[in-house]
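This report describes selected local features of the structure shown below. Helix geometry comes first, followed by strand pairing and aromatic contacts.

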Amino acid sequence: MKIEQRKKEILKLVSIKLIDNKISFNYSNNMINAQEYFKLTIYSKGEIEIITNNYNKDFKFSGDNTVEHLLNVIDSIIFNY
């Protein structure tokens, strides 16, 4: 999958997860900011960084991590487990 297509897919799936959990967020230029929980940024080569607000860890993923793994990490951040 091309990097741009992968970015769009990740941003779409993360947005859907946030909407499904009734979590407000802002989107701009390959970044999702769910103010209460985290800021997710996808960089030009497909690397993903999640800076958390109320969780004890931040995350960096290479471009080859699965989307499922990323969504599981977001669940951990939102639901604190």
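## Helix H2

The model is predicted. Helix H2 covers residues 67-79, and its 13 residues should span 18 Å at 1.5 Å a residue; the end C-alpha atoms lie 18 Å apart, which agrees with that expectation. Just after H2, Asn 80 adopts a positive phi of about 55 degrees.

The buried positions of H2 are Val 67, Leu 70, Leu 71, Val 73, Ile 74, Asp 75, Ser 76, Ile 77 and Ile 78. An α-helix has 3.6 residues a turn, so residues three or four places apart point the same way. In the list for H2, Val 67, Leu 70, Leu 71 and Ile 74 are among the buried residues. The buried residues of H2 pack against helix H1 (3-20) and against three strands: E3 (38-42), E4 (48-52) and E5 (59-61).

## Strands E1, E2 and E3

Strand E1 (residues 26-28) pairs with E2 in the antiparallel sense, over 3 bridges. Within this pairing, Ser 28 stands opposite Met 31 of E2. The two strands form a hairpin with 2 residues between them, and Asn 29 in the turn has a positive phi of about 35 degrees.

E2 also runs antiparallel to E3, to which 4 bridges join it. Ala 34 has Phe 38 in E3 as its bridge partner. E2 and E3 form a hairpin as well, with 3 residues between them.

## Faces of E2

In a regular strand the side chains alternate between the two faces of the sheet. Strand E2 (residues 31-34) shows this alternation: Ile 32 and Ala 34 point to one face and are buried, whereas Met 31 and Asn 33 point to the other face and are not buried. Ala 34, on the buried face, is the residue bridged to Phe 38 in E3. Met 31, on the other face, is the residue opposite Ser 28.

## Aromatic residues

The structure holds 2 aromatic pairs. In one of them, the ring centres of Phe 59 and Phe 61 are 6.3 Å apart and the ring planes lie at 5 degrees, so this pair is stacked; planes under 30 degrees apart count as such. Tyr 55 joins Phe 59 and Phe 61 in one aromatic cluster.

Phe 59 has a relative accessible area of 12% and is buried. Phe 61 also counts as buried, at 7% relative accessibility. Strand E5 (59-61) is one of the elements against which the buried residues of H2 pack.

Definitions and conventions. Residues are numbered from 1 along each chain as its sequence is written. This is a predicted model: local features need pLDDT of at least 70, side-chain atom pairs count only at pLDDT 80 or more; totals for chains, interfaces and linings use all residues. Side-chain values use heavy atoms; hydrogens and water are left out. Rings of Phe, Tyr and Trp (its six-membered ring) pair if their centres lie within 6.5 Å; planes under 30 degrees apart count as stacked, over 60 as edge-to-face and the rest as tilted. Buried means under 20% relative accessible area, exposed over 50%, partly exposed in between (1.4 Å probe, protein chains only). The expected span of a helix is 1.5 Å times one less than its number of residues. Contact means heavy atoms within 4.5 Å. Two strands pair if DSSP finds at least two bridges between them.
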